[in-house]
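Subject: Structure handover

Hello,

Here is the structure we talked about passing on. Please open it alongside this email; my notes follow below.

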Amino acid sequence: MPIRETEAMVLRSHPLGESDRIVTFLTRSVGKLRGVAKGARRSRRRFGSNLEPLSRVRLEYFEREGSDLARIEAADLLESFYRLQEDPERAAVLACLAEVADAFAREQQEDEAYFRLLRAVLAAIRDGLDLERAARYFEVWTHRLHGVLPPLSSCARCQGGLSGRGGIYDRREGDVLCRRCAPQRPPGSVPLTKVSPGDLAGRPAEGRPGALGPLAALAEALFFDLTERRFKSYDVLRSLRRGH
Ligand SMILES: [Zn+2]
């Protein structure tokens, strides 16, 4: 098997036996990839701290016949986000991004737009972008790039625009409806009032406090409905913000 090379970001890593680690990457050329890093637990000589979450690396790996686990040959550090994670809230938000990427990245098939999205959002956070905006942007585009974001600017039933009174996301139908088509809010629906199409397009208007709240609720509803699980990192972030 030939050695392969790609740029990648570490999404997570966990111990395998006494001396190895299993590492999940979002790669530029083959989407999500999992591989074994031999000796990464026992010695730091080969991989150093390059396999920390969200490190951007140049990855060399071998595919292994009959296994979906690659063998990691090298991971040379291109950029570390270790310092950014010294702040607990920022670290918690970054953990959310990594968990979402792990759930949505296409496995062992090209997903370059998603790789570039994660890289760009991390760079923006490093350069000081507000954490809420960064998280909402990442969530909306995660759904959009993977074809699961319902159209947000018009009603799915009557095609009327939603800019005036807003609408709701009806979880049973998986669609956004206007207030006329859904006069009563169905159970579990997410109100999208006060969200302008600009907010939803990932270009949030400046200085509208709370404008991103409905988007956060929509993202979490979609995450749950699509994956049927709660994202642990979001719970961690919530309890951190509550102060315990
Ligand atoms: Zn309608």
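**Strand E2: Phe-25 and Asp-20**

Phe-25 sits in strand E2. Bear in mind throughout that this is a predicted model. Phe-25 has a relative accessibility of 0%, so it counts as buried. Setting aside residues within four places in sequence, its contacts include Ala-8, Met-9, Val-10 and Leu-11. Gly-31, Lys-32 and Leu-33 also touch Phe-25, as do Leu-51, Val-57, Leu-59 and Ile-72. Ala-105 is 80 residues away from Phe-25 along the chain, yet their C-alpha atoms are separated by 9.6 Å.

Asp-20 belongs to strand E2 too, which covers residues 20-27. Is Asp-20 buried or exposed? Its relative accessible area is 10%, and under 20% means buried, so Asp-20 is buried. What does its side chain reach? The answer is the backbone nitrogen of Gly-39, at 2.9 Å. Gly-39 is also among the residues that Asp-20 touches beyond four places in sequence. The others are Pro-15, Val-36, Ala-37, Lys-38, Ala-40 and Arg-41.

**Ala-75, Ser-55 and Leu-84**

Ala-75 is part of strand E5, residues 69-79. At 2% relative accessibility it is buried. Beyond its neighbours within four places in sequence, Ala-75 contacts Phe-47, Asn-50, Leu-51, Val-57, Arg-58 and Leu-59. Leu-51, Val-57 and Leu-59 appear among the contacts of Phe-25 as well. For a long span, take Ala-75 and Leu-218: they are 143 residues apart along the chain, with 36 Å between their C-alpha atoms.

Ser-55 is in a loop, between strand E3 (31-37) and strand E4 (56-62). Buried or exposed? Ser-55 has 2% relative accessibility and counts as buried. Its contacts, residues up to four places away not counted, are Ala-8, Met-9, Val-10, Ser-49, Asn-50, Leu-77 and Glu-79. Ala-8, Met-9 and Val-10 also touch Phe-25. Asn-50 also touches Ala-75.

Leu-84 is another loop residue, placed between E5 and H1. Leu-84 is buried, at 12% relative accessibility. Residues up to four places away aside, Leu-84 touches Arg-90, Ala-91, Leu-94, Leu-122, Ile-125 and Arg-126. Arg-126 is 42 residues from Leu-84 in sequence, and 6.8 Å from it in space, C-alpha to C-alpha.

**Two residues with positive phi**

Gln-108 has phi near 45°, a positive value in a residue other than glycine. It lies in the loop that links helix H1 (88-104) to helix H2 (112-126). With a relative accessible area of 41%, Gln-108 is partly exposed.

Glu-228 also has positive phi, near 55°, and is likewise not a glycine. Its loop runs between helix H5 (213-227) and helix H6 (232-242). Glu-228 counts as exposed, at 67% relative accessibility.

**The zinc site**

Which residues supply the protein donors of the zinc ion? They are Cys-155, Cys-158, Cys-178 and Cys-181, each through SG. The donors lie 2.3 to 2.4 Å from the zinc ion. In sequence, the donor residues follow the spacing C-x2-C-x19-C-x2-C.

Why is the arrangement tetrahedral? The 4 donor atoms subtend angles of 106 to 115° around the zinc ion. Four donors count as tetrahedral if all angles lie between 85 and 135 degrees, so this site qualifies.

Two of the donor residues can be set side by side. Cys-178 is buried, with a relative accessible area of 4%. Cys-181 is partly exposed, at 23%. The cut-off for buried is under 20%, which is why Cys-181 falls outside that class.

**The two domains**

The protein chain divides into domain 1 (3-133) and domain 2 (147-234). Their centres, taken over C-alpha atoms, are 30 Å apart. Domain 1 brings 8 residues to the contact and domain 2 brings 14.

How much area do domain 1 and domain 2 bury between them? About 910 Å², with 64% of it on carbon and sulfur atoms. On the domain 1 side, Glu-99, Phe-104 and Arg-133 supply 60% of the area buried against domain 2. No other three residues there supply more.

Best wishes

Note on methods: Residues numbered from 1 in each chain as written. Predicted model: local features only at pLDDT ≥ 70, side-chain atom pairs only at ≥ 80, totals over all residues. Heavy atoms only, no water. Donors = N, O, S within 2.8 Å, 3.2 Å for Na, K, Ca; no water. Tetrahedral: all angles 85-135°; square planar, octahedral: opposite > 155°, others 65-115°. Buried < 20%, exposed > 50% of the residue type's maximum accessible area, 1.4 Å probe, protein only. Helix = DSSP H or I, 4+ residues; strand = E, 2+ residues; numbered from the N terminus. Polar contact = N/O pair within 3.5 Å; in protein donor to acceptor, adjacent residues only side chain to side chain. Contact = heavy atoms within 4.5 Å. Domains from an automatic or database assignment. Buried area = accessible area lost by both parts, 1.4 Å probe.
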